[in-house]
Amino acid sequence: MKFIDEFRDTELAKAVIDRIHRRSKRHIRLMEFCGGHTVTIMRYGIRQLLPPTVEMLSGPGCPVCVTANADLDKAIALAQEPGVIITSFGDMLKVPGSHSSLQKTRADGADVRIVYSTIDALHIARENPEKSVVFIGIGFETTAPTIAASIIQAKSEGIKNYYVLSMLKLCPPVIKALLDSGEVKLDGLICPGHVSAVIGSLPWGFAARDYGIACVVSGFEPLDVLQSIEMLVEQLEKGEPRVEIAYRRGVRPEGNLKAQELMRGVFESAPANWRGMGMLPESGLRLREEYQSFNAEHAFAIDPGPTREPKGCLCGEILRGVKTPLDCKLFQATCTPDHPVGPCMVSSEGSCASYYHYGTV
């Protein structure tokens, strides 16, 4: 299959791995930001194939995982409101909040429905004019344009019962926050491919310019990731950190200008609450003033009660790259995909889930 088979070619992979081994002389620490990259790295045993000079860390690029309990609790509280239909992507349902989850709330009788796009949520709103339909808006710059488009469409059609609970987050600000914290020393960054398809490669320039971090935008197949690692090794061995694109079939330097226009037209940047990192300025998206009638937080008096973090869960530290799932005493013991304690075990892109399924590769 074009664009799949050639990026899983064993002989090509061996050649790239051999070049990485021959070229890498100094110890470097690379972080893959995106959870999709973590899955690829774990599934294909890429860490084990690299020379000991290349150390890999996983970052906070899983939107379900970085959603704070306080925000999850808002969604769960909304689900308990009379006359409210909650619509959400499926991986959100099992994520435990402070006291419950959307899945448990649905089992107790709440109307919580899994959708595959905002188009589905709008359809539900049209079909149920007597109910309030709330879409749980999680994700990064990848999903923000589609959510923005749904709000524009709802406004143009005069749909009055459609709302969004925005938990959207922006990726470059959280990378800046990680670098500023100094908790983890990084030399290079595998930048997220889907996010960069929207925002382009240019927004990552600050990491190379201001922090000396080598950056390569990667696709999601094993050869994509290996090529990105090779390019990062080459940059760092030369002492020339910059931003490069290894995913040119999906990413342009300027990104998708139409998607950016949609996102900026409906949303504006705002502080956002990140699991393990707290409130970070200008790292989230909120609805602009002219679209406040679609804001679920304004339409409903949400009282989620006090927030509680799961005892012993290291999800926050894992998202910051300070710990790995193997450092967590709950991992594979009390915390499994069937009985997750934290969101890093729930999402298919979570580090804990990746380690659980592919850790023995």
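Q: How much area do domain 1 and domain 2 bury between them?
A: In this predicted model, the chain is assigned domain 1 (5–63 + 171–245), domain 2 (69–168 + 255–299) and domain 3 (315–358). Of the area buried between domain 1 and domain 2, 76% lies on carbon and sulfur atoms. The total that these two domains bury is about 1,200 Å².

Q: Which residues of domain 1 lose the most area to domain 2?
A: The contact draws 18 residues from domain 1 and 16 residues from domain 2. On the side of domain 1, three residues together account for 42% of what is buried there. These are P63, V174 and V198.

Q: How many salt bridges are counted between domain 1 and domain 2?
A: The side of domain 1 that touches domain 2 divides into 14 nonpolar, four polar and no charged residues. A salt bridge joins a side-chain nitrogen of Lys or Arg to a carboxyl oxygen of Asp or Glu, so it needs charged residues. The count between the two domains is zero.

Q: How many residue pairs are in polar contact between domain 1 and domain 2?
A: Elements that give two or more residues to the domain 1 side are β2 (54–61), α9 (171–181) and α10 (193–199). For polar contacts between the two domains, both residues of a pair are at pLDDT 80 or more. The number of such pairs is five.

Q: How many residues apart in sequence are the parts that R26 and D187 tie together?
A: The side chains of R26 and D187 meet in a salt bridge at 3.4 Å, N to O, and the structure holds 23 salt bridges. R26 lies in the loop between α1 (10–23) and β1 (28–34), and D187 lies in the loop between α9 and β7 (188–191), so the pair links parts whose separation in sequence is 161 residues.

Q: Which residue takes a positive phi in the hairpin of β10 and β11?
A: Strand β10 (residues 267–274) pairs with strand β11 (residues 278–287) in the antiparallel sense over seven bridges. Within this pairing, E268 has R286 in β11 as its bridge partner. Three residues stand between the strands, and the one with a positive phi, near 85°, is G276.

Notes:
Residues numbered from 1 in each chain as written. Predicted model: local features only at pLDDT ≥ 70, side-chain atom pairs only at ≥ 80, totals over all residues. Heavy atoms only, no water. Pairing = 2+ DSSP bridges. Helix = DSSP H or I, 4+ residues; strand = E, 2+ residues; numbered from the N terminus. Domains from an automatic or database assignment. Contact = heavy atoms within 4.5 Å. Buried area = accessible area lost by both parts, 1.4 Å probe. Salt bridge = Lys/Arg side-chain N within 4 Å of Asp/Glu carboxyl O. Polar contact = N/O pair within 3.5 Å; in protein donor to acceptor, adjacent residues only side chain to side chain.
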